[in-house]
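Colleague: I should like to go through the reasoning behind the labels attached to this model. Please set each value against its criterion and then conclude.

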Amino acid sequence: MTGRHANRAEIPTPPVPGPPVAVPPRPAGEASSLAAEWPLLAVATVCGAGLIVVLSDHFRRGTVMFAGGLFLAAGLRAVLPAPVVGLLAVRGRVVDILTLLALALGVLLTALLVPPPS
């Protein structure tokens, strides 16, 4: 080096770690990718059924079903281990459960507080 910084030593930069992995990957061939996501499919089925009921002009019933799907998601996230829960795992277990419970309670309260059409 020449110039002002000629007497300074080179400081090595630390290696940059890769992105964090929340859930260990499944071994190849353990199960088909769709069947392995059965918790998410169960929740999506209940929530989708609730949306269909809402679209068939039964707001309160459908919204309660949708909230039930969110409660199901919170329950599955609480009970199942990390390799099995699949795509229901977004953050840490406690954060996921609290978030799903808050959403479920909000949807349920909305269903119960909205007055029926007159």
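**Helix packing and burial**

Modeller: In this predicted model, α3 packs with helix α5 (residues 93-113) at an angle of about 165 degrees, the axes being 8 Å apart.

Colleague: What makes α3 roughly antiparallel to α5?

Modeller: The angle is about 165 degrees, and angles over 145 count as roughly antiparallel. The value lies over that cut-off, so α3 is roughly antiparallel to α5. The crossing of the two helices is left-handed. The residues of their contact divide into 20 nonpolar, two polar and four charged.

Colleague: Why is α2 called roughly antiparallel to α3?

Modeller: The reasoning uses the angle between α2 and α3, about 170 degrees, with their axes 6 Å apart. Since angles over 145 count as roughly antiparallel, α2 is therefore roughly antiparallel to α3. On the α2 side, the contact includes W38, P39, A42, V43, V46 and C47. On the α3 side, F59, R61, G62, T63, M65 and F66 are among the residues involved. The contact of α2 with α3 divides into 17 nonpolar residues, five polar and one charged.

Colleague: How do you know that the length of α3 agrees with its number of residues?

Modeller: α3 has 21 residues, which at 1.5 Å a residue should span 30 Å. The C-alpha atoms at its ends are 30 Å apart, so the two values agree.

Colleague: Which residues of α3 are buried, and what do they pack against?

Modeller: The buried residues of α3 are G62, T63, A67, G69, L70, A73, A74, L76 and R77. Their packing partners are α2, α4 (82-85) and α5.

Colleague: Why is T63 called buried?

Modeller: T63, which lies in helix α3, has a relative accessible area of 9%. Buried means under 20%, so T63 is buried. Leaving aside residues up to four places away in sequence, T63 touches V54, V107 and A111.

Colleague: What makes G69 a buried residue?

Modeller: G69 is also found in helix α3, and its relative accessible area is 0%. That value is under the 20% cut-off, so G69 is buried. With residues up to four places away in sequence not counted, G69 touches V43, V46 and C47. The C-alpha atoms of G69 and A44 are separated by 7.4 Å, while the two residues are 25 residues apart along the chain.

Colleague: Why does A44 count as partly exposed?

Modeller: A44, in helix α2, has 45% relative accessibility. Partly exposed covers what lies between under 20% and over 50%, so A44 counts as partly exposed. A44 and F66 are 22 residues apart along the chain, and their C-alpha atoms are separated by 9.3 Å.

Colleague: Why is G106 given the label partly exposed?

Modeller: G106 belongs to helix α5 and has 32% relative accessibility. That figure is neither under 20% nor over 50%, so G106 counts as partly exposed. From C-alpha to C-alpha, G106 and A67 are 8.3 Å apart in space, and they are 39 residues apart in sequence.

Colleague: How do you know that D96 is buried?

Modeller: D96 has its place in helix α5, and its relative accessible area is 6%. With buried meaning under 20%, D96 is therefore buried. Apart from residues up to four places away in sequence, D96 touches R77, L88, A89, V90 and R91.

Colleague: Is D57 buried or exposed, and what makes it so?

Modeller: D57 has a relative accessible area of 70%. Exposed means over 50%, so D57 is exposed. D57 is found in the loop between α2 (38-55) and α3 (59-79). Its phi is positive, about 75 degrees, although D57 is not a glycine.

Colleague: What is the pattern along the sequence, and how many helices and strands are there?

Modeller: The chain follows the pattern α-α-α-α-α, with five helices and zero strands. Buried residues make up 23% of its 118 residues. Of the contacts between residues at least 6 apart in sequence, 56% join residues at least 24 apart.

Conventions
Residues numbered from 1 in each chain as written. Predicted model: local features only at pLDDT ≥ 70, side-chain atom pairs only at ≥ 80, totals over all residues. Heavy atoms only, no water. Helix = DSSP H or I, 4+ residues; strand = E, 2+ residues; numbered from the N terminus. Buried < 20%, exposed > 50% of the residue type's maximum accessible area, 1.4 Å probe, protein only. Axes fitted to C-alpha atoms, helices over the stretch in contact; angles between N-to-C directions. Parallel < 35°, antiparallel > 145°, perpendicular 65-115°, else oblique. Contact = heavy atoms within 4.5 Å. Nonpolar A, V, L, I, M, F, W, Y, C, P; charged D, E, K, R; others polar. Left-handed = near helix turned anticlockwise from the far one by under 90°. Expected span 1.5 Å × (residues − 1).
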